[in-house]
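Colleague: Before I rely on the labels attached to this model, I would like to go through them with you and hear the reason for each.

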Amino acid sequence: MGETSASPFFRGVLIIGKIILMLASLALFAETIWVVTDQFRIYPVLGASGKDDVFAGAWIAIFVGFAFFCLSVFGILAVLSESRTMVITYLVLMIIVYIFEAASCITAITHRDYLTSNPKFVKKQMLQFYGDTATNSGRDLTVMWNRVMQQEQCCGSTGPMDWIKYTSFFRSQFNETTAPWPFQCCKRNMNSEIANQEGCVVGHRDFLYQKGCFDYISTSINSYAWGVAWFGFAILMWTFVVLLMTMYYLTTL
């Protein structure tokens, strides 16, 4: 224990800064839990590609959010007790956690672009795995694409012609004249039944979804990456200010 030459006003500002960080860390903790639970259910796309580091970054951020919360409480106690040892311990631990959060942000943002700016890759993956029930990736991606195409009223990655122009596992299983595209591309009536199967097969606009699903997948991945990376960067900037203030406070002890 020791006495500080820092003014009560400065100590108050420092404590408020730590309280703000504590609340922000709770928000980070909650947000990254939302990411890892995959609310948009598009993990199969990232898992099959091997580029699922957005989720890896989210898991790191969960640990960081909890750690920042605990350390913020510890830091407030260190300031109130005017303990040099506690302040030094706080700074060392905060720097370690700070590095982890920086890694989380960089991991999420650098791997985001690989899929969100690469519709050809998503299309290739879809054509390769859709309908393949012999592999885990095939089963997971088939279920995901069936759900997305019905939920978002879309067809394929860029449109129904994806199934016509390119070689695919689906095409090897179904003849183009009877099923040019999956029947999940067909528009449904109020009872979730295909409105007109013949019209869908011939590609009539009134019975076949025309837009592609890539925008939905890209937006979902972006939402996860922005949540992990950019909110994380904002917390890092505030944490940097708090750390500088704490270092100054240490010099007054």
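Colleague: Why does Cys154 count as buried?

Modeller: A word on the source first: this is a predicted model, in which local features need pLDDT of at least 70 and side-chain atom pairs count only at pLDDT 80 or more, while totals for chains, interfaces and linings use all residues. Residues are numbered from 1 along each chain as its sequence is written, and side-chain values use heavy atoms, with hydrogens and water left out. As for the label, buried means under 20% relative accessible area, exposed over 50%, and partly exposed in between, with a 1.4 Å probe and protein chains only. Cys154 has a relative accessibility of 1% and therefore counts as buried.

Colleague: What makes the link of Cys154 to Cys213 a disulfide?

Modeller: The term is used for a pair of cysteine sulfur atoms within 2.5 Å, and the S to S distance between Cys154 and Cys213 is 2.0 Å. The link is right-handed, with 105° about the S-S bond. It joins distant parts of the chain, 59 residues apart: Cys154 is in the loop between helix H6 (136-151) and helix H7 (162-165), and Cys213 in the loop between helix H9 (197-201) and helix H10 (214-251). Helices here are DSSP runs of H or I with at least four residues (strands, E, need at least two), numbered from the N terminus. Cys213, at 1% relative accessibility, also counts as buried.

Colleague: How many disulfides does the rule give, and which pattern do they follow?

Modeller: The count comes to three disulfides. With bonded cysteines counted along the chain, the pattern is 1-6, 2-3, 4-5. In one of the links, Cys155 and Cys185 have their sulfur atoms 2.0 Å apart, and with 80° about the S-S bond this link is right-handed. Cys155 sits in the loop between H6 and H7 and Cys185 in the loop between helix H8 (169-173) and H9, 30 residues apart. Cys155 counts as buried at 0% relative accessibility, and Cys185 is likewise buried at 0%.

Colleague: Why is the disulfide of Cys186 and Cys200 called left-handed or right-handed?

Modeller: The torsion about its S-S bond is about -80°, so the disulfide of Cys186 and Cys200 is left-handed. Cys186 lies in the loop between H8 and H9 and Cys200 in helix H9, so this pair ties together parts that are 14 residues apart in sequence. The sulfur atoms of Cys186 and Cys200 are 1.9 Å apart, and both residues are buried.

Colleague: How do you know whether Cys70 is bonded or too far for a bond?

Modeller: The closest cysteine sulfur to that of Cys70 is in Cys105, and at 19 Å it is too far for a bond. Cys105 is in no disulfide. Cys70 is partly exposed, because its relative accessible area is 35%, whereas Cys105, at 0% relative accessibility, counts as buried.

Colleague: Why are H3 and H4 called parallel or antiparallel?

Modeller: Two packed helices are described by the angle between their axes and the distance between the axes. The axes are lines fitted to C-alpha atoms, for helices over the stretch in contact, and the angles run from 0 to 180 degrees between N-to-C directions. Helix H3 (residues 53-81) and helix H4 (residues 84-116) pack at about 160°, with their axes 8 Å apart. Angles under 35 degrees count as roughly parallel, over 145 as roughly antiparallel, 65 to 115 as roughly perpendicular and the rest as oblique. H3 and H4 are therefore roughly antiparallel to each other.

Colleague: What makes Asp38 and Ser192 worth a note, and is each of them buried or exposed?

Modeller: Most residues other than glycine have a negative phi. Asp38, however, has a positive phi, near 55°, and Ser192 has one near 65°. Asp38 is placed in the loop between helix H1 (8-36) and helix H2 (43-49), and its relative accessible area of 11% makes it buried. Ser192 lies in the loop between H8 and H9, and with a relative accessible area of 53% it is exposed.
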